[in-house]
Amino acid sequence: MNSQNFVIIWRFVSLRRLFRCILALALLSIAIGGAGEVVYAEERTTAPSPYASGALASGSTLSLLPITANLPRPVEKPPLPFSAPLVGPLIKRAPMSDIEKRTTAFLPTDEFLARLTPIEMPDEDRWIRVDLSEQVTIVYENGKAIRGFVISSGLPRTPTVTGEFRIRMKVRSQTMSGGSGASYYYLPNVQWVQYFYGEYAFHGTYWHSDFGRPKSRGCINMTNADAKWLFDWAGPVWDGKTTWFRSTPDNPGTLVIVHE
C-alpha cells in the first residue's frame, strides 16, 4: 500500500469517527431535552385544575389561595310547603310504570294556611282555592281546608287566568295539542281533566315532575293521582260514561278561586 492510499483510508476512517461523534452528541442533546420536557409536564400536572374543589395536587409548590367567585348563584328550586308529606309518598321522578303512584298531596296546617295570600272566604260547602304565588291548590269542605296539592300553573308568557269560576266540564281522558313550530305540543291521554274557564283546566300530568313552579300553558298541572282525587271530589258529579260531561243547575260545578 502506497502512502497516498493510506492517507485516503485514514481520512475515511476519521470522517466516520467524526460522524459517529456528531450523531452521539445529537442523541444526547435530544435525550436531555426530552428529560426537561418530562419534568415540565410533571410540574404542570401538579398545578391546580380550574375545576378542582380548591385543593392543590400533591407536590405542588404553589401556595393555597382562597377561591372566590362574584358570579350570581343559580336560582334554587323553591322548597315544597311541607317537610314530610302527610298524605302519600314524596314526589319524585318515577319511571313511567309508576306514574300513577306519584302525589304531592299534603294536609294543610294552620301555620301553612297563614302564609297564603288573604282572600275573602266564600259561603260555599265545597270550593277549591289556587294560590299561584305559592303554587298550591287547597280544597275546602264545610269551612275547613281538608287537603292540599303542589301544582304547576302557567308560565309568564302563558299565565293562568285569575278570578272566580266554576267547573263547567269534565273529561276522563283526552289528547291536548296546540302551538306551532318549536312551541307545538301533542299530548295524548291527558287524564282527569276539569275545565273551569275556556281552555283552562285542572288535569293530570305525566310529562314532568317539576311541581311547585310554573310549567304549563295556563292549566293547573297535577299528578294523575291528585287530579283523579280532585275529579272524584269536585262537582259536577260524573256519570262514569259521558265523554264531555257538562255541569247543570241540578249538578253544578264546584267553585274555583284562582289568585296570586
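What follows is a set of questions and replies on strand pairing, salt bridges and nonpolar cores in this structure.

The model is predicted, so local features need pLDDT of at least 70 and side-chain atom pairs count only at pLDDT 80 or more, while totals for chains, interfaces and linings use all residues. Residues are numbered from 1 along each chain as its sequence is written, and side-chain values use heavy atoms, with hydrogens and water left out.

Me: What makes E5 and E6 a strand pair?
Reply: Strands here are DSSP runs of E of at least two residues, and helices are runs of H or I of at least four, numbered from the N terminus. Two strands pair if DSSP finds at least two bridges between them. E5 (residues 169–178) and E6 (residues 185–197) have eight bridges, in the antiparallel sense, so the definition is met. Gln174 stands opposite Val190 in E6. The hairpin of E5 and E6 has six residues between the strands, and Gly179 in the turn has a positive phi of about 70 degrees.

Me: How do you know that E6 pairs with E7?
Reply: Three bridges join E6 to E7 (residues 200–204), and the two strands run antiparallel. The cut-off is at least two bridges, so E6 and E7 count as paired. Phe202 in E7 is the bridge partner of Gln194. Two residues lie between the strands of this hairpin, where Gly198 has a positive phi near 50 degrees.

Me: Why is the contact of Arg115 with Glu134 called a salt bridge?
Reply: The term needs a side-chain nitrogen of Lys or Arg within 4 Å of a carboxyl oxygen of Asp or Glu. For Arg115 and Glu134 the closest N and O atoms are 3.2 Å apart, so the pair qualifies. The two residues are 19 residues apart: Arg115 is in the loop between H2 (110–113) and E1 (126–131), and Glu134 is in the loop between E1 and E2 (136–141). The search of the whole structure finds six salt bridges.

Me: Why are Arg115 and Glu134 called partly exposed?
Reply: Buried means under 20% relative accessible area, exposed over 50%, and partly exposed in between (1.4 Å probe, protein chains only). Arg115 has 46% and Glu134 has 26%, so both fall in the middle class.

Me: What makes Glu124 and Arg166 a salt bridge?
Reply: Their N to O distance is 2.7 Å, which is within the 4 Å limit. Glu124 lies in the loop between H2 and E1 and Arg166 in E4 (residues 163–166), 42 residues apart. Glu124, at 27%, is partly exposed, as is Arg166 at 38%.

Me: Where do Asp232 and Lys228 sit relative to each other in H3?
Reply: Asp232 and Lys228 are four residues apart in H3 (residues 224–233), so about one helical turn separates them. Their salt bridge has its closest N and O atoms 2.7 Å apart.

Me: What makes a set of residues a nonpolar core?
Reply: The set must consist of buried Ala, Val, Leu, Ile, Met, Phe, Trp, Tyr and Cys residues joined through side-chain atoms within 4.5 Å. The largest such core has 22 residues, and those with the most contacts inside it are Ile128, Phe196, Phe202, Met222 and Val256. H3 gives the largest share of this core, four residues. A second, separate core has 12 residues, including Val136 and Leu255.

Me: Which residues does Ile128 contact?
Reply: Contact means heavy atoms within 4.5 Å. Leaving aside neighbours within four places in sequence, the contacts of Ile128 include Phe202, Leu230, Trp233 and Val256.
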